[in-house]
Structures are given as structure tokens and as C-alpha cells.
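Take a moment with the sequence and the model before reading on. Then follow the chain with this guide.

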Amino acid sequence: MDYVVVAFRSRAQTVKFSEHLTHLGVQNEIINTPKEAGVGCGLSVKISKTRLQVVKRIVQLSSLSAFAGFFLVTAYGGKRIVRSI
């Protein structure tokens, strides 16, 4: 199952962004940042790939000083592949 991780350098901003998405009706989940991403505070927001464009727009319109990037997480052959998108 592929999904997108929205990474931040601040736990507080991660939680606040997750709450904001929930308020806007965007399904999300707070997860541990995949170590393969090599960024962030240890927590990230997980979203569906189908919601990526909507969430990108929300990030662009928000003041997110701790935003670290978007990462696509793919399970392949029993391994997890993480790449910046």
C-alpha cells in the first residue's frame, strides 16, 4: 500500500497540521516519520496518495515554518521504499 508522509521539524506543528486537515475533512493519521526520510522531528502526517494535490495546496496556503517535505512510501518485496516527492 502506497501512502504519502508530510514531514515537519516540529512535533507541535505536526499535531496542529493534522488537526487542521481533520477540520477540513481530509483523512489523516499521525505516524512515526520513516527513518529512510532522514528528516523531521520523529512524527509526520500520513495521507492517501489521492489527497496529495489537495494537501500540497493547503501547505502552500499555510504558514508552516517547520515543514520538511512530502515523501512517498511504497512497500515493495517486503521492504519499505521512501522517496521525496
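The paragraphs below go through the sheet and then the helices that pack on it.

Keep in mind that this is a predicted model. Start with the sheet. It is an open sheet of five strands, and its order is 2-3-1-4-5. The pairing is antiparallel. Strand 2 and strand 5 are the edge strands, since each pairs on one side only. Neighbouring strands of this sheet are turned by 35° against each other on average, with direction ignored.

What holds such strands side by side? In general, the strands of a sheet pair through backbone hydrogen bonds, and the pairing is either parallel or antiparallel.

Now walk across the sheet, pair by pair. Strand 2 covers residues 29–32, and strand 3 covers residues 43–47. Four bridges join strand 2 to strand 3, and the two run antiparallel. Here I31 stands opposite S44 of strand 3. Next comes the pairing of strand 1 with strand 3, again antiparallel and joined by four bridges. V4 has I47 as its bridge partner in strand 3. V4 also stands opposite L72 in strand 4.

How many bridges join strand 1 to strand 4? Six bridges link strand 1 (residues 3–8) with strand 4 (residues 67–76), and these strands run antiparallel. Within this pairing, V6 has F70 of strand 4 as its bridge partner.

The last pair is strand 4 with strand 5 (residues 79–84). Six bridges join them, and they run antiparallel. F71 finds its bridge partner, S84, in strand 5. Strand 4 and strand 5 form a hairpin with two residues between the strands. In that hairpin, G77 takes a positive phi near 60°.

One strand deserves a second look. Is strand 3 enclosed or open? Four of its five residues are buried, so strand 3 is largely enclosed by the rest of the structure.

Turn to helix 1, residues 11–23. Its 13 residues, at 1.5 Å each, should span 18 Å. The end C-alpha atoms are 18 Å apart, which agrees. S10 caps the N-terminal end of helix 1. A side-chain oxygen of S10 lies 3.3 Å from the backbone nitrogen of A12. Just after helix 1, G25 takes a positive phi of about 85°.

Which residues of helix 1 are buried? They are Q13, T14, F17, S18 and L21. These residues cover an arc of only 135° around the axis, which puts them on the same side of helix 1. The general rule helps here. An α-helix has 3.6 residues a turn, so residues three or four places apart point the same way. The face turned away from the buried side carries the exposed residues A12, K16, E19, T22 and H23.

What do the buried residues of helix 1 pack against? Their partners are strand 1, strand 2, strand 3, helix 2 (52–61) and strand 4.

Finally, put the helices and the sheet together. Helix 1 packs on the sheet and touches strand 1, strand 2, strand 3 and strand 4. The direction of helix 1 makes about 20° with that of strand 3. Helix 2 packs on the sheet too, touching strand 1, strand 3 and strand 4. The direction of helix 2 makes about 165° with that of strand 4.

How values were computed. Residues are numbered from 1 along each chain as its sequence is written. This is a predicted model: local features need pLDDT of at least 70, side-chain atom pairs count only at pLDDT 80 or more; totals for chains, interfaces and linings use all residues. Side-chain values use heavy atoms; hydrogens and water are left out. Two strands pair if DSSP finds at least two bridges between them. The expected span of a helix is 1.5 Å times one less than its number of residues. Buried means under 20% relative accessible area, exposed over 50%, partly exposed in between (1.4 Å probe, protein chains only). The arc is that of the directions from the helix axis to the C-beta atoms. Contact means heavy atoms within 4.5 Å. A polar contact is a pair of N or O atoms within 3.5 Å; within protein, one must be able to donate a hydrogen and the other to accept it, and residues adjacent in sequence count only if both atoms are side-chain atoms. Axes are lines fitted to C-alpha atoms, for helices over the stretch in contact, and angles run from 0 to 180 degrees between N-to-C directions.
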